[in-house]
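Here is a briefing on a protein model and its ligand. Overall dimensions come before the binding site.

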Amino acid sequence: MTRKKIIAGNWKMNNLKEDVVAFFEELGDFASNFDDREVIIAPSIPYVLLASEKKGKAVKLGVQDIYPEKKGAFTGQVGSEMVKDLSAEFVIIGHSERRHVMNESLEMIRKKVTFAQEEGFKIIYCVGETLSQRQKNELFAVIEKQLSDAFDNNLNISDEDLIIAYEPVWAIGTGVVASKDEAEEMHKFIRNYMKEHYNKENVRILYGGSVKPANVKELLSMPNIDGALVGGASLKADSFKKLIAWDK
Ligand code: PGA
């Protein structure tokens, strides 16, 4: 199975109406020139509808989070009926900002992973170690735990629909990017782990953390790096176009 590369933009809490319109106007049909890769944008919830109206056919939509219920009395949350109504196919779960800033519990993350599978979403599950965990050489144990906590006895999804994003916390939004060898080492570890424990050798594994046009090519040229999950450098169309065309 060939693993189609993925370029995914996580806009976080950025880009207002006029930015969303300008982004998609400038992007136009650019992504449709590259049918050997998937292009995904995850705007924040209030702008997903606008993005779905403005985007070209080749861009797929994701959401940055989901509440693990279909609908109901859950003030402030967005559940699966709404996410489907907005035509978002991908759901990001376990992003480090949700783990560390919003203090999302492992139990909640696991619930979301289960729920997103039951509801038929494609999942982008994020893992990553902090700087001190790396310095104490705990990184492989940390990543292993983040994978097993989310997936043990809890995986019922095709390889194609499960995407793992390795995002070292120390590299997110800091301008400090993991070297291609540091990233590849971890991606290889994740691939072996997914193969041994879940027979899922062909999941796509994205790198995230300060990816930009200047460093995307060397990262995505590594054998186990199947794409990038990009924050800051995905906000503007000129930069995002360069990421989509990473090997040109
Ligand atoms: P960054 O964010 O590209 O701004 O470092 C990546 C992410 O958090 O997904």
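**Overall fold**

The protein has 248 residues and a radius of gyration of 17 Å, which agrees with the value near 18 Å for a compact globule of that length. That radius is taken over C-alpha atoms, and the globule rule is 2.2 Å times the number of residues to the power 0.38. This is a predicted model: local features need pLDDT of at least 70, side-chain atom pairs count only at pLDDT 80 or more, and totals for chains, interfaces and linings use all residues. Residues are numbered from 1 along each chain as its sequence is written, and side-chain values use heavy atoms, with hydrogens and water left out.

*Dimensions and secondary structure*

- The C-alpha trace spans about 45 × 45 × 35 Å along its principal axes.
- There are 10 helices and eight strands, counted as DSSP runs (helices H or I, at least four residues; strands E, at least two).

*Ligand shell*

- The ligand is surrounded by 13 residues, each with a heavy atom within 4 Å of it.
- Lys12, His95, Glu167, Gly173 and Ser210 are the closest.

*Polar contacts and cover*

- Three contacts to ligand oxygen atoms follow (a polar contact is a pair of N or O atoms within 3.5 Å).
- Glu167 places a polar side-chain atom 2.6 Å from a ligand oxygen.
- Ser210 has a polar backbone atom 2.8 Å from a ligand oxygen.
- Gly231 has a backbone N or O atom 2.8 Å from a ligand oxygen.
- Of the 280 Å² of accessible area that the ligand has on its own, the protein covers 95% (Shrake-Rupley method, 1.4 Å probe).

Notes:
A polar contact is a pair of N or O atoms within 3.5 Å; within protein, one must be able to donate a hydrogen and the other to accept it, and residues adjacent in sequence count only if both atoms are side-chain atoms.
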